[in-house]
Each structure stands twice: as C-alpha cells, then as structure tokens.
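Please look over the following chain as a whole before turning to its parts. The explanation after it moves from overall dimensions to individual residues.

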Amino acid sequence: MMLLYSLGLLLALVLTAPVWGWRMVRQGRYREGLRARLGAVPARLQAFVAGRPVVWVHCVSVGETLAAVRLIAELEAALPGYAVVVSTTTPTGQRVARERFGVDRVFFFPLDLAFAVRSYLRVLQPKLLVLMESELWPRVLVECERAQVPVAVVNARVSDRSLPRYMRLRALWKPLLGKVSLLLAQSEEDARRWRQIGAPAECVVAAGNLKFDIRAAEETPLTRLVRQHLPAGAKVLVCGSTHEGEESLLLDCWKTLPMAERVMVLAPRHPERAGAVEQLVLERGLQAVRLTAWRMEPSSILGGAVLLVDTVGELSSLYALASVAFVGGSLIPHGGQNPLEPARLGVPVVMGGSYQNFRGMVDAMQREQAIRMVTREALCDVLDELMTRGDGMGERGRLFAASMIGATERTVAALLSLLPGRVQ
C-alpha cells in the first residue's frame with residue numbers, strides 16, 4: 001500500500017511540476033524552503049538541537065502555530081534539557097512560527113516521501129512527534145513506527161465536511177491510525193468520530209481545545225500606534241480572516257452605516273489578496289489605507305476609512321481595537337475561522353452560518369449568548385446595532401473564554417507520559 005502511495009505521490013508531483021515551477025518563478029512563494037522540504041535539514045536546526053533529546057511539534061499554518069504557542073512553552077518548562085523544534089507546511093505559518101519561536105528551531109515539514117522523512121528522523125532522532133489537529137501523513141506515520149518514534153495527534157478534530165471522506169477511505173485510514181500512540185481530541189464528539197474512522201479506542205482521549213487556552217494578545221506597538229491615530233471616540237469594526245466574496249458584502253454594509261467616527265479594519269485571510277481587496281474598497285468610493293505603507297508614515301485615519309491589513313500575524317492584537325468583530329470564512333461555504341480571538345478580549349463577535357470548522361466552540365458560545373450569528377440579509381442591521389449600543393455580549397464572550405481553559409495542562413501531561421522514563 002505504501003509503495004502505491006509513494007508512486008502516486010511522485011507521479012502527482014511530476015505531473016504538476018510545470019504548475020509549481022511557474023508559481024515559483026512568478027510568486028517565489030513555493031520556492032521558499034524547497035530544499036528543506038526535500039530532506040536537506042537546515043544547518044541552523046542541527047546546531048540548535050546539538051545532541052539534545054528532541055520533541056518535534058508540527059503545525060500546518062498560522063492557526064495551528066498560534067494554538068501551539070502555549071503548548072510549546074509548557075513543554076519546554078516541563079522538559080529542561082530538551083530541544084523543542086517546530087515545523088510548518090505553509091510559508092505564512094513559517095513566518096509566524098519564526099516570529100514566535102525564533103528562526104533557528106523552525107523549519108518546513110518534509111514532503112511525505114521516504115527519503116525526505118528519513119533524513120529528518122535520522123538527524124533529529126526525536127523522542128516524540130506531535131502533530132497539531134489532523135495533519136496526518138501516511139509516510140510519516142510509517143517511518144516513525146519503523147524508527148520507534150511515538151506519534152501524538154493533539155487538538156484533533158474531524159469537521160462535518162471531512163468525516164464522509166475519512167469514512168469512504170476507512171479501510172486505508174484504520175491501519176494508519178493504529179500507528180498513532182495517542183490522539184487527543186478537541187471534544188467528545190471529535191473523539192467519537194476518530195474512533196468511528198478507525199483509531200484505537202484506548203488511544204483516543206477528549207482533552208479539550210488548545211485554542212481556548214491561547215492567552216489574549218498583549219497590546220503591541222502597532223496597536224497603540226493605530227489607536228493614537230483614530231478619530232476621537234471612534235468605533236472600530238474589525239473584520240478578520242475574510243475570504244473572497246465576503247469583503248464585498250462587508251464593504252457594501254459599511255457604506256450604509258454612519259461613518260463619521262467609525263473605522264473599519266479589514267484583514268483578508270490571505271494577505272496576498274490585499275491588492276484585489278483594495279480595489280473593492282476604491283470601487284465603492286471609500287478611502288483605503290494599506291497598513292504596510294501607513295505604518296512607515298503614520299497619519300490620522302479619517303472616519304469611514306478602511307485600514308487594510310496586508311501583513312501576517314498581527315490580527316490578534318488588532319482585535320483589541322474593535323468595538324465589534326466580524327469573523328470571516330463564515331458568510332461563504334468555507335467553515336469559518338476562530339471566533340475566540342476577539343471574544344477573549346471582550347469584543348462582541350459576529351459570524352455567518354458556515355462554521356463547521358469550529359462547530360463545538362461556536363455552538364457552546366451560542367448557548368452562552370456569547371456570539372451573534374447572522375445571515376447575509378441581516379448582516380448590515382446587526383453590525384449597525386452592535387456598533388451603536390452593544391448588548392453585553394462582549395463580556396459574556398470573555399467569561400466564556402475564561403471558563404474553557406485547561407486543555408494545555410491536560411495535553412502536556414498526556415504527552416509527557418509518552419517520553420522515555422516519564423509516567424503520567
């Protein structure tokens with residue numbers, strides 16, 4: 001089975017090589033880290049490890065990296081003398097990880113090919129591999145089993161959209177999941193789904209959602225700078241992690257609202273779309289302020305303006321400016337983004353009906369009246385209502401977030417039990 005998988009993966013890489021090559025030339029995005037992905041372990045990483053026992057934590061992109069920040073800090077505190085190293089799949093995740101953890105121990109996850117995976121296992125000789133959420137690669141699982149490296153999947157979830165796909169391939173997934181030493185699910189429902197897919201029941205535990213434990217972002221110099229240049233008493237609408245199709249709806253609403261002392265902060269999920277989003281702003285006769293250019297020569301931000309966030313990793317702190325926050329990926333069939341970031345700051349949160357990526361979290365927030373769900377038709381009225389008077393929802397959101405902490409402590413205890421010489 002693994003031979004067929006590897007041949008299929010190689011064939012797919014060969015067939016798509018012209019597409020990747022063109023993107024490398026045009027964007028440079030896929031050129032970054034190519035040697036590392038092919039198994040060339042960076043010298044800086046080898047120097048960081050320097051013979052110490054290693055725990056390898058793998059994140060996919062920005063969300064998983066942020067969720068891992070506190071987990072990694074707690075692992076380091078519990079494991080003096082260990083080197084905790086961090087890999088990511090996406091370039092944006094790589095940039096955020098380097099900002100949070102330093103460059104030396106952050107690297108790109110190898111392609112799921114035997115020679116690339118074995119290269120990292122041979123150099124790092126990890127005592128434990130920790131995979132965030134559901135980043136399961138067949139070759140990695142097989143090679144870790146051969147090298148006797150325990151694998152733990154933490155903060156694991158199965159979305160409504162993913163479950164049917166897993167179930168169709170259950171015969172393939174069941175033996176692979178049998179190679180996982182520990183699977184810590186976000187909720188009891190996620191745990192049930194993993195067992196249904198084929199994970200050994202004794203290895204699956206509902207440990208809670210690490211994203212509940214992310215500490216509220218401290219006010220950064222950028223946040224203070226923006227605050228200083230807002231109109232006096234300004235109300236701020238922060239639209240975070242928006243996707244194509246949502247910005248048009250939000251900007252059309254913005255035009256209908258009283259804007260004299262209101263400012264929108266608009267942060268597309270993918271910053272490379274900033275140019276296209278800026279065009280949408282200008283087409284509506286609104287003032288567009290690009291964050292990267294503005295911070296070089298700060299000036300007063302006028303009422304009605306749209307501050308366009310074209311950077312990575314700064315949205316969390318900018319939520320502190322919000323009178324109301326809209327969380328994107330929810331007005332289109334995408335599955336939503338994390339609503340807890342603004343909620344833990346006491347900011348009223350608005351979200352559309354597509355939220356299956358965070359179903360357990362959002363359902364719990366709804367039960368506590370700590371989030372407002374909207375349709376496209378009701379979006380403008382709800383934003384106007386909350387920006388005008390609010391309804392105590394922000395404080396309910398903050399209290400909800402505070403009540404749900406504890407997943408990190410449970411996760412660390414479970415991971416330590418997998419290390420040699422450690423007991424739970």
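The paragraphs below take up the overall form, the cores, the parallel sheet and then several single residues.

The model is predicted, and its secondary structure comes to 20 helices and 14 strands. A compact globule of 424 residues would have a radius of gyration near 22 Å, and because the protein has 22 Å, the value agrees with that expectation. Along the principal axes, the C-alpha atoms fill a box of roughly 65 × 50 × 45 Å. Of the 424 residues, 54% count as buried, while the accessible surface comes to about 18,500 Å², with 55% of that area belonging to carbon and sulfur atoms. When contacts between residues at least 6 apart in sequence are considered, 69% of them join residues at least 24 apart.

The interior can be approached through its nonpolar cores. The largest nonpolar core has 40 residues, and within this core Trp56, Leu183 and Trp194 touch the most other members. Leaving out residues up to four places away in sequence, tryptophan 194 touches a set of residues that includes Leu136, Val158, Tyr166, Leu177, Leu183 and Val204, and also Ser134 and Arg157. A second core, separate from this one, has 38 residues, among them Ala267, Ile301, Ala322 and Ala401.

The next feature is a sheet. Seven strands, in the order E10-E11-E9-E8-E12-E13-E14, form an open sheet whose pairing is parallel. Its edges are strand E10 (288-290) and strand E14 (372-373), each of which pairs on one side only. Strand E9 (residues 262-268) pairs with strand E11 (residues 306-308) in the parallel sense over 3 bridges, and within this pairing valine 265 has leucine 307 of E11 as its bridge partner.

Strand E12 (residues 324-327) can be followed in more detail. Strand E8 (residues 235-242) pairs with E12 in the parallel sense over 4 bridges, and E12 in turn pairs with strand E13 (residues 349-351), also in the parallel sense, over 3 bridges. Valine 327 takes part in both pairings, being the bridge partner in E12 of glycine 240 and having methionine 351 as its own bridge partner in E13. Which residues cover the two faces of E12? Val324 and Phe326 lie on one side and Ala325 and Val327 on the other, and all four are buried, so that both faces of the strand are covered, given that buried means under 20% relative accessible area.

Leucine 318 lies in helix H15 (residues 315-318) and counts as buried because its relative accessibility is 0%. Its contacts, apart from neighbours within four places in sequence, are with Leu222, Thr223, Val226, Val238, Val265 and Val309. Of these, Val265 is the residue of E9 whose bridge partner is leucine 307. The C-alpha atom of leucine 318 is separated by 21 Å from that of cysteine 253, which is 65 residues away along the chain.

Cysteine 253 also appears in the surroundings of threonine 256, whose side chain reaches the backbone oxygen of cysteine 253 at 2.6 Å. Threonine 256 lies in helix H12 (residues 246-256), and because its relative accessibility is 56%, threonine 256 counts as exposed. Threonine 256 and aspartate 381 are 125 residues apart in sequence, yet their C-alpha atoms are 9.6 Å apart in space.

Backbone geometry gives a further group of residues. Most residues other than glycine have a negative phi, which gives the following positive values their interest. Glutamate 133, in the loop between strand E4 (128-132) and H7, has a phi near 65° and counts as buried because its relative accessibility is 3%. Helix H7 (residues 138-146) is itself mostly covered, with 7 of its 9 residues buried, including Val140, Leu141 and Val142 as well as Arg139 and Glu143. After H7 comes glutamine 148, where phi is again positive, near 60°. Glutamine 369 has a phi near 55° and lies in the loop between helix H17 (359-367) and E14. Is glutamine 369 buried or exposed? Its relative accessible area is 53%, and glutamine 369 is therefore exposed.

Key
Residues are numbered from 1 along each chain as its sequence is written. This is a predicted model: local features need pLDDT of at least 70, side-chain atom pairs count only at pLDDT 80 or more; totals for chains, interfaces and linings use all residues. Side-chain values use heavy atoms; hydrogens and water are left out. Buried means under 20% relative accessible area, exposed over 50%, partly exposed in between (1.4 Å probe, protein chains only). Two strands pair if DSSP finds at least two bridges between them. A polar contact is a pair of N or O atoms within 3.5 Å; within protein, one must be able to donate a hydrogen and the other to accept it, and residues adjacent in sequence count only if both atoms are side-chain atoms. The radius of gyration is taken over C-alpha atoms; the globule rule is 2.2 Å times the number of residues to the power 0.38. Contact means heavy atoms within 4.5 Å. Accessible areas come from the Shrake-Rupley method with a 1.4 Å probe; for residues, only the protein chains shown count as cover. A nonpolar core is a set of buried Ala, Val, Leu, Ile, Met, Phe, Trp, Tyr and Cys residues joined through side-chain atoms within 4.5 Å.
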